[in-house]
Every structure is written in structure tokens, then in C-alpha cells.
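Work through the exercises below with the model open. Each task is followed by a worked solution.

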Amino acid sequence: MFDSIDRNRVFWIGAALVLAGVLLFVLYAFAGTFVLALFFYYSARPIYVRLRRRIRPPTLAAGVALFTLILPVVLLFWYTATLGLVEIRTLSNLDLAGYEELLEPYAESIGLIGELQTVVRSLATNPEQLLAESRLQAIATDIAAAMATYFGVVLTGLLHLFVALALAFYLLRDGDRLVEWIGTQLADETLITYGAAVDSDLQTIFFGNILNALIAGTVGAIVFSILAAVAPPAVPVPVPILLGLLVGAGSLVPVVGMKIVYVPVSLYLAGLAVISDPRLLWFPLVFFAVTFVIVDSIPDLLLRPYVSGRNLHVGAVMFAYIFGPLLFGWYGLFLGPLLLVVITDFALVVIPDLIDPAHESTSRMGDRIEDTSVVPGDARHPDDSAEVDDPDTESG
């Protein structure tokens with residue numbers, strides 16, 4: 001009897017290890033898609049929390065949070081980033097072939113947008129060519145050829161984007177059920193506290209930091225492009241789209257933030273004004289004021305509640321942002337901070353409990369998490385804790 005029980009346990013343990021290996025292989029093969037889904041989830045969750053109180057059922061609230069708010073920001077940043085890379089190549093005549101792995105999936109987009117821009121410039125230079133039917137057919141053929149050349153890349157990117165959005169959608173709608181089931185099955189206080197700590201820090205990393213960088217970079221590119229259009233010829237704004245992206249990246253730098261980018265640029269413009277015509281100093285002042293208010297201050301005020309209470313070392317977070325893309329490619333921007341959070345909270349929560357089960361680190365971590373704006377494992381706002389949703393409405 002005991003031999004039979006032992007054999008059964010060995011069999012099921014082996015089966016569990018095989019399934020775990022398959023799951024890890026899938027996660028490894030689609031690591032970029034999964035971490036992108038986590039970014040979508042944590043970025044949309046604070047918005048979903050508020051929409052859920054006004055929009056029913058939760059399925060509709062999750063869809064609105066993702067597809068009308070988060071997805072446009074991401075697509076606009078992707079387009080802006082692609083134009084910024086085109087500016088880099090145009091500015092310095094760089095061959096980006098050696099950086100395709102790091103810049104993927106942007107690298108192929110550079111060629112597509114570059115070819116489309118060539119067609120647009122041709123039309124802007126000689127618009128009457130549209131009146132010629134033969135020329136119009138040639139233009140349509142050129143556009144179709146460019147799209148066909150990169151069709152596989154575009155289709156693959158759209159597929160990964162769809163999977164990431166679908167995963168984020170179901171995490172928003174059903175994530176609290178999943179966490180409740182895991183807590184019921186394992187019922188381990190240390191695991192629950194560790195999961196809550198990871199959830200809290202990922203909220204800070206993904207919503208408070210990375211989404212802030214995406215928004216700041218996109219808004220900066222738009223603002224700098226407008227300023228470049230109205231700038232005096234003697235005081236031109238250099239590579240405005242690329243400058244906006246650098247501002248977004250600069251927002252991840254501790255303490256100084258994006259000022260590390262736009263303050264030197266303002267001084268550079270002031271120097272050009274002094275050399276050419278001191279009466280043009282008004283433009284560097286306008287450049288600095290507009291950037292400080294619209295690009296720097298407003299996003300910071302909107303997202304500050306989700307960044308406050310940060311418990312990760314700012315230097316460690318900065319290195320995670322730097323080494324993540326270098327090690328893993330484009331998705332390392334999300335995977336690097338995720339690994340930092342998982343390892344740091346393991347050291348803070350689990351290791352002290354393993355060394356001394358009577359250690360009080362777990363309770364202190366629980367007190368720390370109570371200050372967050374979203375309850376870990378539940379997409380409800382604290383004000384919604386009394387609400388009980390109808391399961392039938394959530395199944396939609």
C-alpha cells in the first residue's frame with residue numbers, strides 16, 4: 001500500500017515538474033509578450049479601479065481602460081520612437097543593422113516608415129503629380145510594395161500586441177479570483193505577504209515610472225516639434241522628436257529626472273541667441289517654461305500618488321532600467337525592473353522568515369503595503385472594498 005502511494009506521489013511530482021518545465025519554456029519563448037502584458041495590466045489597473053465603479057460589467061470597464069486609454073499611449077509612443085530612430089539615422093548616417101536585436105521590433109519599422117516618408121515628401125514637393133493617373137498608380141504601387149516588404153514583421157508585432165492585451169484584459173477582470181484561489185490553495189502567510197509586496201512594487205515600477213516615461217517622452221516629442229516649428233531660424237530646436245524621447249528616458253534618472261536633458265538644451269539655445277541676436281533670448285525662456293510646465297510638472301503631479309511610498313533603492317532601479325535592455329533586448333525595460341522587484345522583496349520578506357520564523361519582517365511589510373492605492377491581488381480601490389460583484393456579470 002505504501003509502495004503504491006509512494007509511486008503515485010513520485011508520478012504526480014514528476015508530472016508537475018514536466019508541466020512546470022513546459023510552462024517555463026513558454027514563458028521564455030514569449031518573455032517579451034508576457035512582460036508587456038504585465039506592463040499593460042499594471043498601467044491600466046488604477047484606471048480600471050475607477051472605471052469599475054462607474055461602468056458595468058467589469059468586462060466593459062477593463063476593455064475601456066485598455067483599449068481607449070493605455071493602447072493609444074503605447075501606439076503613439078511606438079510611432080514617436082520609430083520617428084526618433086529615423087532621426088538618429090538621418091542625423092548621423094548610422095547603420096542600425098548591428099543593433100537590430102536591441103531595437104527590435106523598432107528596427108524593421110524604421111525602414112517601413114522611411115519608405116513611406118519618401119513617398120510623402122515626393123507628394124509634398126510636387127502635389128500635381130496626383131492629377132496624373134499613371135503617376136497615382138505608381139505611388140500606390142510603391143506604398144503597397146513597402147507594406148508587403150514588412151508585412152510579416154507588422155503582422156508578428158500585431159499578434160504579440162494582441163496576446164499581451166488579451167492577457168492584461170483577463171488579469172484585470174479575473175486577477176483577483178486567481179490570487180484568491182492561490183491564497184486558498186497555499187494558505188501561507190509568508191507567500192501572501194511576499195506576493196503583496198511584489199504587487200505593490202510592480203505597481204510603482206510599471207505605472208509610476210515606466211508609464212510616466214512613455215507619456216513624458218511622447219508629450220515631449222510633440223511639444224518640441226511644435227516649438228521647433230515656431231522657433232526663430234537663428235535658434236533652431238535640434239532633433240525635436242529625438243529630444244522628446246531623451247526627456248522620457250531622463251525621467252527614469254533619480255533625483256534630477258528629465259532636467260538632465262532639457263536644462264542643457266535650454267542653455268544651448270540661450271547661447272545661440274546670445275551669439276546671433278540677444279533679442280531672441282525670449283525663445284529659450286519660452287522653451288524652458290513650456291517644457292517645465294507641460295512635459296515635466298503636469299505628468300509628475302498626475303502620477304505622484306503612485307510613485308510616493310517607493311521602497312526600492314533608486315540607484316538599483318536605475319541600473320535595472322539600464323542593464324535590462326542591454327541583457328534582454330527591448331523588453332528588458334520591463335523585465336529588468338521586474339526581476340529587481342522579485343529578488344529584492346524575496347530578500348526582504350522570505351529570507352528573514354527562513355532564517356528566523358519569529359521574525360517580524362512580514363508584519364512590517366504588511367504595514368508598508370497598506371499605504372498603496374490598490375489592494376494587492378484585488379483590482380478594487382479601498383473605497384470599493386464593501387462592493388460585492390455579481391459573479392454572473394463578471395463572467396461576461
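Helices here are DSSP runs of H or I with at least four residues, numbered from the N terminus. The model is a predicted one.

**Exercise 1. Find the helices behind the nonpolar surface patch, and name the main contributor.**

Step 1. List the members. F319, I322, F323, L326, L327, F328, L339, V342 and I343 make a nonpolar surface patch of about 860 Å².

Step 2. Assign them to helices. α12 (314-328) and α13 (332-355) each supply at least two residues of this patch. L339, for one, lies in helix α13.

Step 3. Rank the helices. α12 gives the most, with six residues.

**Exercise 2. Classify the packing of α9 against α10, then describe the contact.**

Step 1. Take the geometry. Helix α9 spans residues 240-250 and helix α10 spans residues 259-276. Their axes come within 7 Å and cross at roughly 135 degrees.

Step 2. Apply the cut-offs. Over 145 degrees counts as roughly antiparallel, and 65 to 115 as roughly perpendicular. The crossing angle therefore makes α9 oblique to α10.

Step 3. Name the residues. α9 brings L243, L246, V247 and G250 to the contact, while α10 brings I260, V261 and V265.

Step 4. Sort by class. The contact has six nonpolar residues, one polar and no charged ones. Gly counts as polar.

**Exercise 3. Locate two backbone features in loops: a cis peptide bond and a positive phi.**

Step 1. Start with the peptide bond. The bond from R56 to P57 is cis, with omega near -5 degrees.

Step 2. Place P57. This proline sits in the loop between α2 (31-52) and α3 (58-92).

Step 3. Turn to phi. V239 has phi near 30 degrees, a positive value in a residue other than glycine.

Step 4. Place V239. The valine is in the loop between α8 (189-230) and α9.

How values were computed
Residues numbered from 1 in each chain as written. Predicted model: local features only at pLDDT ≥ 70, side-chain atom pairs only at ≥ 80, totals over all residues. Heavy atoms only, no water. Axes fitted to C-alpha atoms, helices over the stretch in contact; angles between N-to-C directions. Parallel < 35°, antiparallel > 145°, perpendicular 65-115°, else oblique. Contact = heavy atoms within 4.5 Å. Patch = residues over 30% accessible without salt bridge, like charges linked within 9 Å, V, L, I, M, F, W, Y side chains within 5 Å. Areas by Shrake-Rupley, 256 points an atom, 1.4 Å probe, with all protein chains shown as cover. Salt bridge = Lys/Arg side-chain N within 4 Å of Asp/Glu carboxyl O.
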